[in-house]
Protein chains: 2
Amino acid sequence: MRILMTGAAGMIGRKLTSRLIKDGTLRGRKITALDLHDIVPAQTPDAPGIAIRTLTGDMADAGAAEKLIADRPDVIFHLAGIVSGEAEANFDLGYRVNFDGTRALLDAVRLAEGYQPRLVFASTIAVYGGPFPDVIPDDFQQAPLSSYGTQKLMSELLLTDFTRRGFLDGIGIRLPTICVRPGKPNKAASGFFSGIIREPLAGQEAILPVPRTVLHTHASPRAAVGFLMHGAEIDGAKVGPRRNLTMPGVAVTVGEQIEALRRVAGEDAVKLIREEHDEAVWGIVKNWATRFEAKRAKELGFKAEASFDEIVKAYIEDEVGRSA
Amino acid sequence: MRILMTGAAGMIGRKLTSRLIKDGTLRGRKITALDLHDIVPAQTPDAPGIAIRTLTGDMADAGAAEKLIADRPDVIFHLAGIVSGEAEANFDLGYRVNFDGTRALLDAVRLAEGYQPRLVFASTIAVYGGPFPDVIPDDFQQAPLSSYGTQKLMSELLLTDFTRRGFLDGIGIRLPTICVRPGKPNKAASGFFSGIIREPLAGQEAILPVPRTVLHTHASPRAAVGFLMHGAEIDGAKVGPRRNLTMPGVAVTVGEQIEALRRVAGEDAVKLIREEHDEAVWGIVKNWATRFEAKRAKELGFKAEASFDEIVKAYIEDEVGRSA
């Protein structure tokens, strides 16, 4: 079993790499080779019995994707992409990385004769755009309101069409907001969802820029890795022609996030959260999707945490006391 | 007012050209120049006062789209595309013409500084895929089941994102099945919808390969031209951020089509329809969309025929006795 992972140097890529090495098998077969691709070199963890290669480059370059799949990986995790804010700020780069790179990879697979790998694509709930109902069903129309969401949706459509035509066996995983993200605070509008948990657990102050009533859906990095693993394992026939699945998550208000922090880490942690309304952040966040039904994904066995308490505990187990 | 039309040599392109010349104005301004582009030369009708240019080439070629918009047309009708069956049979050609060509055109407009034309894009109800409800609402999810539908939907998404970003002012027109198509019978699975009207009106036998209970939505070529014209005229602010509109049409069963033919052309015409079940055609047609709500388009003033009788009469007025 050879595995190719794009975007392997990112947070989810690193965690997925660790999980693959720890499990040692995928789809019932021993993992013998793992190709880690990104624009910068991914970390190469110690993995006895697995030949790890670190590959770098721009997948949208002519011939780059062909090289990546030259050894016919059995499973491809396609995680490469630039984030929403960057795709909005740099129009050309967003289309190049998030769409052209994906298309180059899919086309390389298509043109490789007799080759039909499982390709797990990290997509996003940003393929949806408001106005939203209270609970967003699986068959809600996709009307993205960002270039990022547009690029990911176009990639999803290719994935579906290429799968229908038999060129590959694609599964798209629409990830909710990943929380608690480890590491330093960033400037993403969604950053506070993680910050109000992560910073207090490190004894540092966190700013809450939106009302406590904001409802949003979260899954831990651990759950996200689980979604991708299950996306690699799942029987494609059970998924049917609609290959992109909205993942489940924990839908909570910011107030409920804070109550979970209180239960897990105590009042002293909660006291480190300072409310400081930020109209710019609120202007973005108030238009975001709140709660997803994720019926198909649940029926297909994708599992998120059952409560935000679990998400906080997962973060403490996986991150606190370790180096980011 | 300079107008650029791609796909100008096609049936709708020719009719739209005639309409533009007949009207002489668009968006309240006199039409002074009309650039007709296609892979083969479009007909150049007589049009005093309008400078007509015939342009040929592959819009997906490097630099081709830039040349097309060099004179900054005020309105662009982007009709170019290959049909569903061809896009399914020739995968590369379908993506090249239906998607890459559209993207090249949109990118050329985007990169032309200080230029923001109205761009009317001929899309299709094939952006939808079943299973369908009895009446398909405007916010029904887009899940195409063909490469053609995928390519058109990806183009729609670009149109929306480019409009949101202010690069152009796009309106996508999702056309229903165009009926009655003039000319010779073709091998499209939908061909019989037109054939059972067109052939009897010419005194020729027509084959009906599906049950009379098949329900489908139609608009005449005349109505399609009207949709495109209104798409050029309409106030973009009224359309809002969702720029692709499902057009109205006449939803009738095949049996009701035949009754309309009887009322308009008499029993002798109807006798020329021979029922001969074709399992292959039925296998395709039975999965097609039946009836669209088209609420937004109707509210925005897009008008289809009110009955299939009108569609038959429009065909007779526009086509019978003329050369196809």
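This passage looks at how the two chains relate, then at a sheet, a loop residue and a helix of chain B.

The model is predicted, so local features are taken at pLDDT of at least 70 and side-chain atom pairs only at pLDDT 80 or more, while totals for chains, interfaces and linings use all residues. Residues are numbered from 1 along each chain as its sequence is written, with chains lettered from A and ligands numbered from 1 in the order in which they are written.

Start with the pair of chains. A turn of 180° with a shift of 0.0 Å along the axis lays chain A on chain B at an RMSD of 0.0 Å, the superposition being by least squares on the C-alpha atoms of residues with pLDDT of at least 70 in both copies. The two copies are thus related as by a two-fold rotation axis. Both use the same surface, as 100% of the contact residues of chain A recur in chain B; contact here puts the C-beta atoms of two residues, placed from the backbone, within 7 Å. In chain A, the residue that comes closest to the rotation axis is Gln141(A), its C-alpha lying at 1.9 Å.

On to chain B, where helices (H or I, at least four residues) and strands (E, at least two) are DSSP runs numbered from the N terminus. Strands 10, 12 and 14 of chain B make an open, mixed sheet in the order 10-12-14, pairing being called when DSSP finds at least two bridges between two strands. Strand 10 (177–178) and strand 14 (250–253) of chain B sit at the edges, each pairing on one side only. Strand 10 runs parallel to strand 12 (residues 215–219) of chain B, over two bridges, and Ile178(B) has Ala219(B) as its bridge partner in strand 12.

Arg27(B) sits in the loop between strand 2 (25–26) and strand 3 (29–30) of chain B. With 13 other C-beta atoms within 10 Å, Arg27(B) is partly exposed; 20 or more would make a residue buried and 12 or fewer exposed, with C-beta atoms placed from the backbone. Beyond its neighbours within four places in sequence, Arg27(B) contacts Met1(B), Val75(B), Ala232(B) and Glu233(B).

Helix 4 (residues 91–111) of chain B has 21 residues and spans 28 Å from first C-alpha to last, close to the expected 30 Å, which is 1.5 Å times one less than the number of residues. A kink of about 30° is centred on Asp100(B), the bend being the angle between axes fitted to the seven residues ending there and the seven starting there. Buried residues of helix 4 include Tyr95(B), Phe99(B) and Leu106(B), and the cover over the buried residues includes helix 3 (84–89) and helix 5 (147–164) of chain B.
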